[in-house]
Amino acid sequence: MARRDVPWVDWANYYSTADAASKSAWPTRNWRGINGALIDLEYERVELIRFNLFDNSGTFEQYKKGRGDREGPALKTWAEMRLPPGHPDYDSVGGSGEQLCRGGLIRGRNLTGICNDIRNPLMGSTGALFARNVEFETTFPDAGLTENTHNRHAGRVSLMTPDPQVVSRRLFTRLQSDSAACADGYGKTGYAKDANCDYKKAPFFNVLAAFWIQFMTHDWFSHLEEGHNSAEYMKVGCASQKVQGVETPLKPADVARLGCRPDDAMERVYVADTTNPATFSVGGRNYLSRAPKTFRNTNTAWWDASQIYGYDQRSRVRVKRDPRDPARLLMVPVPGNTTEGDRQGYLPLLEPSDPMNPDWAGQEATGFPDNWSVGLSFLHNVFAREHNQFVYEFRRRAAKTPDEDSGLRNPARPKDVIRYRDVSPDELFEVARLVVSAEIAKIHTIEWTTQLLYDEPLFRGMNSNWNGLIADDNGVSRALSAVVTKLGESRKAKVADTWYSVLASGPGIFGLGSTKRGWDLSNPADVNGGVNHFGSPFNFPEEFVTVYRLHPLVPDLIEYRDFHDANVIRNKIPVVETFRGKATPFMHERGLANWAISMGRQRLGALALQNHPRFLQNLQMNRLKSPTQRIDVAALDILRDREHGVPRFNEFRRQYGLRQLTSFDDFINRHAPPAEQAEQEKLAATMREVYGQHRCDSTKVITAAQLDSANRPINDCLGHPNGSTVDNVEDLDTVVGWLAESTRPHGFAISETQFVVFILNASRRLYSDRFFTSSFRPEFYTTLGVDWVTNNGPDAMYEAKPVNGHRHQPVSPFKRVLLRTIPELKPELDQVVDAFDPWARDRGSYYSLEWRPRKGAESDEAFARSSRSSSSSRH
Ligand code: HEM
C-alpha cells in the first residue's frame with residue numbers, strides 16, 4: 001500500500017513477482033502474488049483491445065457503428081481489405097464478387113503478405129497503412145486539432161521545438177569518463193582493448209538481444225523505401241534552446257558546448273494521405289474517420305521473416321536460392337573458415353545487378369539490408385543456416401521413407417496425399433519459410449521477451465500466449481480452444497473480444513482453432529477459423545514504432561572474444577566500424593562462433609536517458625545531400641515521432657489507460673538507492689531546462705481520455721494550484737518520457753509505457769495470423785514442420801536442472817537454433833539457459849539480476865569490479 005501513490009502500476013509489489021527476496025514463506029501468498037499479477041495483466045489487455053484500436057484505412061466508422069446486427073468490434077471482414085482491381089491476384093480471389101483466397105494463394109506466406117486472412121486478402125500486406133492506438137483527434141499535437149490539445153500545449157510544441165538535437169545532446173548523450181578512450185564510438189587504433197566507451201548496462205540482457213530486436217523490426221515494419229525517405233529535405237535542429245522558458249537561437253559557443261551540428265539535414269518522411277479526414281458522429285459525439293496524415297508500412301506487417309525472404313518483387317531478387325537444391329538458401333564457403341558450423345556456409349554478397357541502395361554495396365544479400373552491422377549479419381546468417389537445416393532434415397527423412405505421407409496438402413486437391421518424394425523444391429522452400437517464421441515468433445515470445453521482462457508473471461504470461469496456461473496439448477486445452485473459437489464468431493463485442501481474450505490464455509493463442517475435431521482444408525471456416533482481429537484490421541500502429549526506437553540498447557564497442565578462450569576480451573571493435581558493407585569482411589574473417597560468444601557474453605545498453613550510442617549521434621550516411629552527410633539518429637528518433645504525429649508522453653500514457661505524471665520529479669524513484677536518486681534528480685532538472693515551465697490555468701481542460709482521481713476533468717494545472725508554475729511535462733517527447741521511467745517492475749529492461757504498447761500489439765500479432773492459429777497444421781507446415789516448431793527442432797530436449805523453479809523445461813528455441821547452426825558452441829551453450837541472458841552470468845535460483853560469473857567464468861574480465869553493471873531495473 002505504501003508504494004501505491006505513484007503513477008506506476010503496482011502488481012510489481014506483489015509477493016513473488018521479483019527475485020528470491022520477494023518470496024514469502026507462505027506458499028499461498030506467492031500463489032496470490034503471481035496470479036494477481038496475471039489477472040492485472042489480462043485486465044490491461046482486455047481494456048486495450050476495447051479502447052485502443054484505430055484503423056486508418058477507412059474501417060473506423062464501421063468499428064464505431066457496427067454493420068447490420070454485428071457490433072463493430074465483432075466485425076470480421078471489410079471492403080477496404082479487398083484486393084483492388086488491377087492487382088495481379090484480383091481475379092483469383094474473386095474479382096468484384098465476394099473475395100476469398102484459395103488454392104495456391106493460401107498455401108504459405110505470400111511474398112507481399114496477401115491472403116493471410118483468406119477473407120481479407122489485403123490485410124497486413126506490403127504498403128498497407130499504419131494504424132493508430134490513440135484517438136485520431138489526439139494525434140499531431142502541434143496541429144491542435146481539438147481545444148483540449150490546444151490547451152495542453154498552448155503553442156509550445158512544433159516539429160522543431162524543443163530543438164531535437166538539443167534534446168539529444170542534453171538528454172541522450174552517453175557521458176564518458178575518458179573521451180579519448182571512446183573517441184565518439186571509434187575506439188582505438190588496431191581495435192585495442194584498452195578502448196572504452198562508458199554505457200549504462202542491463203545485467204540480465206546481452207548484445208545479441210539488441211540486434212535481435214532490430215532484426216525483428218525489419219520483419220514487421222518500415223517507413224522507408226529501400227533505405228531512404230522522400231526527396232524533400234529538412235533541417236534537423238541545433239538551432240535554438242529554451243533560455244528562461246523562451247526559445248532562443250543558439251550561439252556558436254552553445255553549439256560547440258552541445259556538440260550538435262546546425263548543417264545536418266535529412267529527408268522528410270513519406271506521407272500517404274494529407275487530405276482532410278471525413279468526420280462522422282455516433283451517440284452525439286463527432287469522430288475523425290482517420291488521422292489527418294497517414295503513412296505506409298513498406299514491409300508486410302506479418303511475422304513472416306520478410307527481412308530474410310523479402311516483401312516485394314524487388315527485395316525477393318536479393319534472396320538467393322541454392323541452384324543445387326532450390327529448396328535451400330544459397331550459402332557459400334568462406335576460405336579459411338573451417339569449424340563445424342562454417343561448413344554450413346555464409347550468405348553470399350549482394351551483386352551489382354541486384355536492386356539496391358548504393359549504400360549497401362559489399363553487404364550480404366538478404367530481403368531487408370538496411371542499417372546493416374555485424375549484429376544483423378550474425379542473425380541473418382544464423383537463420384539462413386537454420387532454413388537449410390530444416391531442408392536437410394526433411395531431405396534426410398525423404399531419402400529414408402520416400403513413400404510416407406509428408407503431411408503436406410495442396411488446397412486445390414485437398415484429399416491427395418503428398419508423399420515425401422512428391423514435395424517439390426519450391427514447396428519445401430515455402431514450408432521452410434513457414435517453419436523459420438514460427439520459430440522466430442516463438443523465440444521472440446518465450447525466450448527474448450521473458451528475458452526482457454525477467455520475472456515470473458511475465459514468464460507465465462508469455463508462455464500462456466504461446467502454449468497456454470494449461471500448457472500441454474490435452475483434452476481440456478483442446479476443448480477450451482474449441483470454446484474460444486466459437487466465442488470469436490459472436491456478433492457481440494463483449495463475447496468476441498473480452499471473453500475471447502480472457503479464455504484464450506487457457507489453451508494459448510498459438511494454434512487456436514488448429515485442433516478442431518474434423519478440421520478440413522477445404523472448409524474456409526476451418527482454415528481461417530482461429531483468427532480474431534477484434535473488429536479492426538491488423539497493422540502496427542505508429543505508436544508501436546515509437547516504443548521500438550531502442551537505439552540505447554546498442555553499445556559503442558563490442559568486447560570481442562575468441563570462442564576457444566571465451567573469458568578473454570581480445571579487442572574492442574566499434575559497432576560503427578562494422579556498419580553496412582564493413583560488416584561482411586568482419587563476419588568472414590572472424591566467423592560466426594566468435595561473434596556469437598562476443599555478443600552472447602556482453603551486456604547490452606540499458607534503456608535509460610543519457611545512454612544513446614555516441615556513434616549513432618554522429619552517423620555518416622553517404623546518401624544524404626547535406627553539407628555534413630552526417631545525422632544524429634537519436635535526434636531523428638524525436639523528429640520522426642513528431643512527423644508521424646505521435647502524442648507527447650503524458651497524453652500517450654492517458655490514451656493507453658496509464659496514469660499521468662504531474663511534474664518531471666515524478667520520474668524520480670524514491671525507493672532507489674541514493675546515488676541513483678541523485679542522478680534521476682539531475683535528469684529531471686535537465687528536462688525542466690530543455691522543456692521549460694509555465695504558469696498554469698486550471699480553467700483549461702487538457703484531455704478527454706481520463707478524469708482525475710475525484711472524477712473531474714484534468715486541467716492544465718495537473719492538480720497543482722491555479723496560477724502556479726508547473727513543468728511542461730505535457731510537452732515531453734514520448735521517447736524521452738519512457739527512457740526516463742526509472743520505476744519499473746523487477747527485471748524489466750523496458751518501461752511500463754513501452755510495455756503496455758507491447759501487451760496489445762504483440763498479442764494481436766499472434767491473434768490475427770492464420771499461420772499461428774488455425775493454419776498451424778501439417779497440411780501447410782508438413783508433419784516435420786509442426787514437430788520442429790513444437791519441439792524447437794527435430795526432437796524434444798529438456799534442461800537437466802529446474803529453471804527459476806520450473807522443472808522439465810524444454811531447451812529454449814534460440815539455444816537449439818544456435819546448437820544446430822554453430823555446433824562448435826556446445827560447451828558454452830550447455831551452460832546457457834536463455835540465449836539472451838549474458839552467457840557467463842550466474843542466474844541464481846529465482847530471477848536474480850546480480851552480475852556474477854557462473855562457474856568457469858570467474859576470470860572473465862567483464863566481471864572485474866570496474867565493469868560493474870548499472871541495472872536498468874530498480875524495483
Ligand atoms: C547498428 C545499429 C543501428 C543503426 C546504424 C540504426 C540506424 C537507424 C537509422 C539511420 C534510422 C532512421 C531511419 C529514418 O527515419 O530515416 C533508424 C530507425 C529506426 N531504428 Fe535503428 N539503427 C540501429 C539499431 C537499431 C536497434 C537495435 C533498434 C531496436 C529495435 C532499432 C530500431 C529502429 C526503429 C524502430 C527505427 C524507425 C524505423 C521506421 O520508422 O521505419 N535500430 N535506425
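**The ligand and the cavities of the model**

Me: In this predicted model, how far does a polar side-chain atom of R640 lie from an oxygen atom of the ligand?
Reply: R640 is listed among the closest of the residues that surround the ligand. In this predicted model, the distance from a polar side-chain atom of R640 to an oxygen atom of the ligand is 2.7 Å.

Me: Which residue gives the iron atom of the ligand its single donor from the protein?
Reply: Atoms count as donors here if they are N, O or S within 2.8 Å of the metal. The NE2 atom, 2.1 Å from the iron, is the single protein atom that serves as donor, and the residue that carries this atom is H551.

Me: Where in the chain is H551 found?
Reply: Besides its NE2 atom at the iron, H551 has an N or O atom in its side chain that is 2.9 Å from a nitrogen atom of the ligand. As for its place in the chain, H551 belongs to the loop between α16 (542–547) and β10 (557–560).

Me: Which element gives the most residues to the shell around the ligand?
Reply: The ligand is surrounded by 25 residues, which divide into 15 nonpolar, eight polar and two charged. At least two residues of this shell come from each of α6 (207–220) and α19 (633–643). With four residues, the element that gives the most is α6.

Me: In which cavity does the ligand sit?
Reply: The count comes to eight cavities of 30 Å³ or more. Residues named as closest to the centre of one of them, the largest, include N371 and H551, and N371 and H551 also appear among the residues closest to the ligand. The cavity in which the ligand sits is the largest.

Me: How many residues of the lining of the largest cavity come from α6?
Reply: The largest cavity holds about 890 Å³ of space and is lined by 39 residues. Two or more of these residues are given by each of α6, α18 (614–617) and α19. The contribution of α6 is the largest share of this lining, and its count is six.

Me: How many residues of the lining of the second largest cavity are nonpolar?
Reply: The second largest cavity holds about 80 Å³ of space, and its lining includes I308, V319, L329 and L330 as well as R318 and K320. Two residues of this lining are polar and two are charged, while the number that are nonpolar is eight.

Technical notes: Residues numbered from 1 in each chain as written. Predicted model: local features only at pLDDT ≥ 70, side-chain atom pairs only at ≥ 80, totals over all residues. Heavy atoms only, no water. Donors = N, O, S within 2.8 Å, 3.2 Å for Na, K, Ca; no water. Near = heavy atom within 4 Å. Polar contact = N/O pair within 3.5 Å; in protein donor to acceptor, adjacent residues only side chain to side chain. 1 Å grid on protein atoms, 1.4 Å probe; cavity = no way out; pocket = protein on both sides within 12 Å on 5 of 7 lines; lining within 4 Å. Sits in = over half its atoms within 2 Å of the grid points. Nonpolar A, V, L, I, M, F, W, Y, C, P; charged D, E, K, R; others polar. Points joined across faces, edges and corners; volume = space filled by probe spheres on them.
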